[in-house]
Amino acid sequence: MLLLAGCSAEPPSTMRIEGGDAQAGKQAIARYGCTSCHAIPGLSSYGANVGPPLANMGARAYVAGVVANTPENLVRWLQDPPAIAPRTAMPRLGITEREARDMAAYLVKAP
């Protein structure tokens, strides 16, 4: 029974994105074309092998291998990746904080 308690579709409480709407995030991810580089659960991403797959983001220890995976860092990363990792290939796309919160909410829930 204790083992089953850890098997939840919900992200850990530390990875809940305050003010984020996962459904709006899914739409924003599609609108920004994130699947052209990343394989993202629940979205068509044929041939997306430029960036890493984004499954299980809620359970990862780091965002892009450089900062701790916290809600704040994930939102910051989505808004301005080069500010966090100047040598990243991921561009700054002009994502608003609201959109970043929504996108993060989707990513931490995606399996």
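Modeller: Contact here means heavy atoms within 4.5 Å. The structure above is a predicted model, and helix H3 is a place to begin.

Biologist: What covers the buried residues of H3?

Modeller: The cover includes strand S1 (62-63) and strand S2 (67-68), along with H4 and H5. The residues being covered are Pro71, Asn73, Leu74, Val75, Trp77 and Leu78. They are called buried because each has under 20% relative accessible area.

Biologist: Why is Glu99 called buried?

Modeller: The relative accessible area of Glu99 is 16%. Buried means under 20%, so Glu99 at 16% counts as buried. Its place is in helix H5.

Biologist: Which residues does Glu99 touch, not counting those up to four places away in sequence?

Modeller: Glu99 touches Arg31, Tyr32 and Gly94.

Biologist: What makes Arg31 and Glu99 a salt bridge?

Modeller: The N to O distance between their side chains is 3.3 Å. The rule asks for a side-chain nitrogen of Lys or Arg within 4 Å of a carboxyl oxygen of Asp or Glu. The pair is therefore a salt bridge. Arg31 belongs to helix H2 (residues 22-31) and Glu99 to helix H5 (residues 97-109), so the bridge ties together parts that are 68 residues apart in sequence.

Biologist: Is Arg31 buried or exposed?

Modeller: Arg31 has 54% relative accessibility. Exposed means over 50%, so Arg31 counts as exposed.

Biologist: How many salt bridges are there by this rule?

Modeller: The count comes to four. Another one of them joins Asp80 and Arg92, whose closest N and O atoms are 3.6 Å apart. That distance is within 4 Å, so the name applies. Asp80 sits in the loop between helix H3 (71-79) and helix H4 (81-84), while Arg92 sits in the loop between H4 and H5, 12 residues apart.

Biologist: Why is Asp80 called partly exposed?

Modeller: Asp80 has a relative accessible area of 25%. Partly exposed lies between under 20% and over 50%, so Asp80 falls in that class. Its partner Arg92, at 54%, counts as exposed.

Biologist: What distance separates the closest N and O atoms of Asp102 and Arg98?

Modeller: The distance is 3.3 Å, and the two form a salt bridge. Both residues lie in helix H5, four residues apart, which is about one turn of the helix. Asp102 is buried, with a relative accessible area of 7%, whereas Arg98 is partly exposed at 47%.

Biologist: How far apart are Asp102 and Gln23 in sequence and in space?

Modeller: They are 79 residues apart in sequence and 7.6 Å apart in space, C-alpha to C-alpha. Beyond its neighbours up to four places away in sequence, Asp102 touches Gly19, Gly20, Asp21, Ala22, Ala24 and Gly25.

Biologist: Why are H2 and H5 called roughly perpendicular?

Modeller: The angle between them is about 105°, with their axes 7 Å apart. Angles of 65 to 115 degrees count as roughly perpendicular, so the term fits H2 and H5. The contact is made by Ala22, Ala24, Gly25, Lys26, Ala28, Ile29 and Arg31 of H2, and by Glu99, Asp102, Met103, Ala105, Tyr106, Leu107 and Lys109 of H5.

Biologist: Which residues of the largest nonpolar core touch the most other members?

Modeller: Of the 28 residues in this core, Ile29, Ile40, Leu74, Leu78, Met103, Tyr106 and Leu107 do. H2, H3 and H5 each supply at least two residues, and H5 gives the most, with seven. In soluble globular proteins, nonpolar side chains tend to be buried together. One of the members named, Met103, touches Gly25, Ala28, Ile29, Tyr32, Cys34, Leu78 and Ile95, not counting residues up to four places away in sequence.

Biologist: Where is His38?

Modeller: His38 is in the loop between H2 and S1. Its relative accessible area is 11%, which is under 20%, so His38 is buried.

Biologist: How do you know that the side chain of His38 makes a polar contact with Pro52?

Modeller: A polar atom of that side chain lies 2.7 Å from the backbone oxygen of Pro52. The limit is 3.5 Å, so the distance fits a polar contact. Leaving aside neighbours within four places in sequence, His38 is in contact with Ser45, Ala48, Gly51, Pro52, Leu54 and Met90.

Definitions and conventions:
Residues numbered from 1 in each chain as written. Predicted model: local features only at pLDDT ≥ 70, side-chain atom pairs only at ≥ 80, totals over all residues. Heavy atoms only, no water. Buried < 20%, exposed > 50% of the residue type's maximum accessible area, 1.4 Å probe, protein only. Core = buried A, V, L, I, M, F, W, Y, C linked by side-chain atoms within 4.5 Å. Polar contact = N/O pair within 3.5 Å; in protein donor to acceptor, adjacent residues only side chain to side chain. Axes fitted to C-alpha atoms, helices over the stretch in contact; angles between N-to-C directions. Parallel < 35°, antiparallel > 145°, perpendicular 65-115°, else oblique.
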